[in-house]
Amino acid sequence: MAVSGAGEKSTGLGVPALVSIGIGGMVGGGIFSVLGLTVQVAGAGAYVSFLVGGIVAALTGVSYALLSVRVRNRGGTAAFLDQSFGTKVAGPLNLLLWLSYFVMLGLYAVAFGSYLAALLGQPAGWNRLFGSIVVVCFAALNLAGAQVVGRAEAVLVYFKVAVLLVFCIGGLAFVDTARVSPSAFPHGGAIVYAGTLIFLGYEGFELIANAAEDAREPERTLPRAYLISIAGVIVLYVLVAFVAVGNLTPWQITHDRDYALAVAARPLLGQAGFSLIAIAAVVSTASAINATLYGTAKFTYLMARHGELPEHLAEPIWHRPIGGLVATTLGTLLIVNLVDIEGISLMGSAGFLIVFAAVNLAASRLPDARPAARTAAGCGVAACAGCLVALTAYAATTIPRQLAVFGAMLGVAVLAEAVIRARGRALPRNARPHTPVPKQ
């Protein structure tokens, strides 16, 4: 495998900066979006579900660390797949990656709408309207060339983490141990299914790969950054779920699923706690929508420029290449208004599990990697594949229509690449776009 980086830099991003990128990618909006769903499915075992998802993320993080050192390119995941498998395999996977990102946009928009509706005292039916409005607003801002988050994103990362830590530390004193006891767990299949369903809450660690080109002493800093960021977020997510389960009754979980984290703050901080968590969720998901919409639109445009999507998505409109942004916005609005949050989580998590299985496979084939690292990568392949099977099997009996929607999404990725290749627009193996992956 070719190394894309130019050599080590004496200056660049160190471990703290890279860890910030990884944590910011993971704690972008996912925990606010899927906590209630996880607790509803796994009940008392929700914190174990977050551990299950975290283990898969940790194994995949080993593969990302191996590949990031060797393929130091801003293309990140797309660059790994391109250089490892060539166009025939990487093409559909890159398209699936793109579709998974705008599915994630839908998840963030629904979460934004749910928390904003709860904060304003509006009925739950307003969540899709608010979610649609925020997507349209950020699309308009991006069309105008404005980027709302900018440098404040780093500060926002620590604000979100600080709020969640306050929730965890304060909430531990109020946990009802009977509610979190293993004797209250549902069957193991539900716990594993919930862990796979919320896997997209972890996927943001891959953003470190996009910054690998700017890393200082990459052989040392990149593996440490993946380890610290993933381990830290696992601990945070498990604690958040533990406190939430210990503070909510089953009725509250079902009734307030879409903004369960804010409701769980009431027993320890009262209405002020509810408002604080709701505000943090609104701000967090809004910034995630803006950053993901901006990055995904750019990703779409560059894929069209390099032959992975129809050419008209790269044609200038009003003297600007906005076709990808418009396509992403329209697709996101369809997800927000036609798919429920469980279906959105299924589609996003399944998509990332497939892509990450391919990344793990690429790392397991590295001839110069240590045996232990290659074994971990192989375990990552098995873990992703096993989670995908569990997710599919459980969803087939509980939400078969949503599973069919994911099947259609997967089919679109495969067929679209086949059509593009048939039209003779596929590029040589080394000419694929190496583009930034959207922030979460």
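**Entry 1. Overall character**

I began with the surface: the chain has an accessible surface of about 16400 Å², and carbon and sulfur atoms hold 67% of that area. I note here that the model is predicted. I then looked up burial and found that 59% of the 440 residues count as buried. For secondary structure I recorded 17 helices and 0 strands. I also checked how far apart in sequence the contacting residues lie. Among contacts with a separation of 6 or more, 85% join residues 24 or more positions apart.

**Entry 2. Salt bridges**

I recalled that side chains of opposite charge can pair when their charged atoms come close. My search of the whole structure returned 3 salt bridges.

I took the pair D368 and R70 to begin with; its closest N and O atoms are 3.2 Å apart. I placed D368 in the loop between α15 (341-364) and α16, and R70 in helix α3 (residues 46-70), so this salt bridge ties together parts that lie 298 residues apart in sequence. I then asked of each partner: buried or exposed? D368 has a relative accessible area of 53% and is therefore exposed, the cut-off being over 50%. R70 stands at 17% relative accessibility and so counts as buried, the cut-off being under 20%.

I turned next to D176 and R179, whose side chains form a salt bridge with an N to O distance of 3.6 Å. I list D176 as partly exposed because its relative accessibility is 33%. R179, with a relative accessible area of 28%, is also partly exposed.

I closed the search with R220 and E217, where the closest N and O atoms of the salt bridge are 3.5 Å apart. R220 counts as partly exposed at 33% relative accessibility. For E217 I noted a relative accessible area of 34%, which again means partly exposed.

**Entry 3. Crossing of α8 and α16**

Two packed helices are described by the angle between their axes and the distance between the axes. I applied this description to helix α8 (residues 188-197) and helix α16 (residues 371-398). Their axes come within 9 Å and cross at roughly 110°. Because angles of 65 to 115 degrees count as roughly perpendicular, I entered α8 as roughly perpendicular to α16.

Which residues make the contact? From α8 I listed G189, A190, V192, Y193, T196 and L197. From α16 I listed C387, A390, L391, Y394, A395 and T398.

**Entry 4. Two places on α4**

I looked up S100 and found it in helix α4. S100 has a relative accessible area of 0% and is therefore buried. Which residues does S100 touch, not counting residues up to four places away in sequence? I recorded G348, G351, F352 and M409.

I then examined a nonpolar surface patch of about 300 Å², made by L119, L120, I279 and V283. The elements giving two or more residues to this patch are α4 (77-120) and α13 (266-305). L119 lies in helix α4. I list L119 as partly exposed because its relative accessibility is 31%. That value also meets the patch criterion of over 30% relative accessible area.

I end with the contrast within α4: S100 is buried, whereas L119 counts as partly exposed.

Technical notes
Residues numbered from 1 in each chain as written. Predicted model: local features only at pLDDT ≥ 70, side-chain atom pairs only at ≥ 80, totals over all residues. Heavy atoms only, no water. Patch = residues over 30% accessible without salt bridge, like charges linked within 9 Å, V, L, I, M, F, W, Y side chains within 5 Å. Areas by Shrake-Rupley, 256 points an atom, 1.4 Å probe, with all protein chains shown as cover. Salt bridge = Lys/Arg side-chain N within 4 Å of Asp/Glu carboxyl O. Helix = DSSP H or I, 4+ residues; strand = E, 2+ residues; numbered from the N terminus. Buried < 20%, exposed > 50% of the residue type's maximum accessible area, 1.4 Å probe, protein only. Axes fitted to C-alpha atoms, helices over the stretch in contact; angles between N-to-C directions. Parallel < 35°, antiparallel > 145°, perpendicular 65-115°, else oblique. Contact = heavy atoms within 4.5 Å.
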